Amino acid sequence: MAYDIERYLNVRSAGGPSFGPDGQLAFAMDTTGVRQVWRLDGPREWPAQLSFHEESIGFASYSPTRDELVFGMDRGGNEKTQLLRLAGDGSEEVALTDDPESIHQWGGWSHDGERIAYTANRREEGSFDGYVQARDEHGEAAELVFDGREKDWLTVAGWSPSDDRLVFHEMHSNRDHDLYVCHLDAGDVTHLSAGHDGEVRYGSVAWAPDGETLYVTSDHDRDTLALFELDPVTGALSAIEEGGEWNVSSVAVDADSGTMAVVRNVEGYSDLTLYALDADGGRRELADPDLPEGVLMGLSVGPDGERVAAAVSAPTENTNVHVLDVESGASERWTDASTAGIPTETFREPELVHYESVDGERIPAFLTLPDGDGPHPVIVDIHGGPESQRRPYFLALRQYFVANGYAVFEPNVRGSSGYGKRYMNLDDVEKRMDSVADIDAGVEWLTARGDVDPERIVAYGGSYGGFMVLAALTEYPERWAAGVDVVGIANFVTFLENTGEWRREHREAEYGSLEEDREFLEEISPINNIDSIRAPLLVLHGANDPRVPVGEAEQIAEEAAEHVPVEKLVFEDEGHGFSKLENRITAYRKVVEFLDEHV
């Protein structure tokens, strides 16, 4: 039986698990059409909905000591997140912050459940400060504990087990970070990473149970992220687990029980290992977790460290929360996010492939083929970031297209994360267009297979992937039957001039600066090469997008329409992407109609 696009978009997801102090489990699920807070007290029970808003919630975090949570929510996709406290039965909701012009980035509960930490850009739009606030106080009473005005993007990385210190993470760019320990009683700050040379990433951070050690993932003196012990006094680093050719992507530690979770990113798939830490910091590996092969979308360690909740998304399994027994490794799925009645056996698994680019660089990609021998039309789906990674998680849109005869090709071109520092830096500034050449090489590889129709190839992508679509259409116009640009960058100069103040310096580190690289940015901007475009173009955007302002969509649609058929659709109540089900249905039905007409 064939299902239309609306049915596929009604496939639900349940993720972001958070254990409560009595073993209850909160999670985010989109059963209503937007992500809300839900709760379960046992596996496959009927879940209780706790929050009821028209806007999607960003996260939900249970108190370690009370039956209450904090969740975050913005308005219309503007990313100016506010924090709210929610009773564990949903009966009471209290605003902890009410500063609609500021962004609040959650930093976690203190272990005694009395305080919360976060960063916010209240004082200056372009910088974040660190705050601590009592659980029953309003944001106006929050204590400023870390002055971030001279810092780049600042977030809280975690409370010490004794609740007297906070770790702060500063991101200069996606590839260069710093760490600080803030001593709350004394009011002083220790710069832990002051001695590092060159660009170093400090990714995931967790305190050891004794508070005398930090565990961090870092690529200090190596190409991929490894797991280190970091002295919170001296900043001395000691590697304890190498990632080899793959990144150790995250680490989490339960301070009370000493249960440790370490995740590696192996060709996009999550590899989870659990350990029991002893009093001297020694690690005993626990049983292999019995989880679907896919991507972890959130972890939470339960009371006493005996269970771990893991949200898993796999190519043929929509995101659900599984609960692991740490000693046996056995897991049980707790949530039952609907597949909208679509039989799971109809979902198709992508194949991990590699192809050679023009300079010999080996490019990884996922290829999903429909039934039949072809030749098939193909959608080249390009991820954003650019320092992101297409991973083997569930994508309803992928399954819809494959079920309707399209092949879907998802390359991780140079500049993607997940493959080490060298690979991630291959597209920086003046090397930007080398990544676009990787797309063309991928199309060349596809068409040589014989099961892909070279006359029916679509460029599709969102955010930075939208730029890649526009660049592919202008640089290699003969390749494409159509292009779909979702919240994409058309002009690097106007993008950098108009993006959120807090993001500009961070983005300039990747793309090039307005002051020093303006001529180059103009040269590679698709808007300035629009005469080359030959393929019909669909442009989708959110009016409230703070990252890629809607002006990018307006200018590319206006100028491209002078040469090719163009359709534009802007959603007034969305930001950088589409979170509301009715908007997603409208947007992707338009995509389907557009491709039916032109491909």
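**Legends to close-up views of the predicted model**

**Figure 1. Overall fold of the predicted protein model.** The secondary structure of this predicted model comprises 10 helices and 36 strands. Its radius of gyration is 24 Å, close to the 25 Å that the globule rule gives for 599 residues, so the protein is as compact as a globular protein of that length. The C-alpha trace extends over about 65 × 55 × 45 Å along the principal axes. Of the 599 residues, 61% are buried. When contacts between residues at least 6 apart in sequence are considered, 54% of them join residues at least 24 apart.

**Figure 2. Surface and charges of the protein.** The exposed area of the protein is about 22700 Å², of which carbon and sulfur atoms supply 42%. The protein carries 48 positive and 116 negative charges, and the mean positions of these two sets lie 2 Å apart.

**Figure 3. Aromatic pairs, with tryptophan 106 and tryptophan 109 as one case.** Across the whole structure, 24 aromatic pairs are found. In the pair formed by tryptophan 106 and tryptophan 109, the ring centres are 6.3 Å apart and the planes meet at 80°, so the arrangement is edge-to-face. Tryptophan 106 and tryptophan 109 are both buried. A further view concerns a cluster in which ring pairs link Tyr464, Phe467, Phe492, Phe495 and Tyr511.

**Figure 4. Surroundings of helix α9.** Helix α9 covers residues 551–560, and its buried residues are Glu552, Ala553, Gln555, Ile556, Ala557 and Ala560. These buried residues pack against two helices, α5 (464–475) and α6 (492–498), and against the strands β34 (482–486), β35 (537–542) and β36 (566–571). Among the members of the aromatic cluster of Figure 3 are Tyr464 and Phe467, whose positions fall in the range of α5 (464–475). Phe492 and Phe495 also belong to that cluster, and their positions fall in the range of α6 (492–498).

**Figure 5. The cis peptide bond at proline 375.** Glycine 374 and proline 375 are joined by a cis peptide bond, with omega at about 10°. Proline 375 is located in the loop between strands β30 (362–368) and β31 (376–382).

**Figure 6. Positive phi values at arginine 44 and alanine 340.** Arginine 44, a residue other than glycine, has a positive phi near 60°. Arginine 44 occupies the loop between β3 (36–40) and β4 (48–49). Its relative accessibility is 46%, so arginine 44 counts as partly exposed. Alanine 340 likewise is not a glycine, and its phi is positive at about 60°. The loop that holds alanine 340 runs between β28 (331–333) and β29 (351–356). With a relative accessibility of 13%, alanine 340 falls under the 20% cut-off and therefore counts as buried.

**Figure 7. Glutamate 143 and its contacts.** Glutamate 143 lies in strand β12, which spans residues 143–146. Its relative accessibility of 46% places glutamate 143 in the partly exposed class. Apart from neighbours within four places in sequence, glutamate 143 is in contact with Gly130, Tyr131 and Val132. The C-alpha atoms of glutamate 143 and alanine 117 are 9.5 Å apart in space, while the two residues are 26 residues apart in sequence.

Conventions:
Residues numbered from 1 in each chain as written. Predicted model: local features only at pLDDT ≥ 70, side-chain atom pairs only at ≥ 80, totals over all residues. Heavy atoms only, no water. Helix = DSSP H or I, 4+ residues; strand = E, 2+ residues; numbered from the N terminus. Rg over C-alpha atoms; globule rule 2.2 N^0.38 Å. Buried < 20%, exposed > 50% of the residue type's maximum accessible area, 1.4 Å probe, protein only. Contact = heavy atoms within 4.5 Å. Areas by Shrake-Rupley, 256 points an atom, 1.4 Å probe, with all protein chains shown as cover. Lys, Arg positive; Asp, Glu negative; His and termini not counted. Charge placed at Lys NZ, Arg CZ, Asp CG, Glu CD. Phe/Tyr/Trp six-rings, centres within 6.5 Å; stacked < 30°, edge-to-face > 60°.
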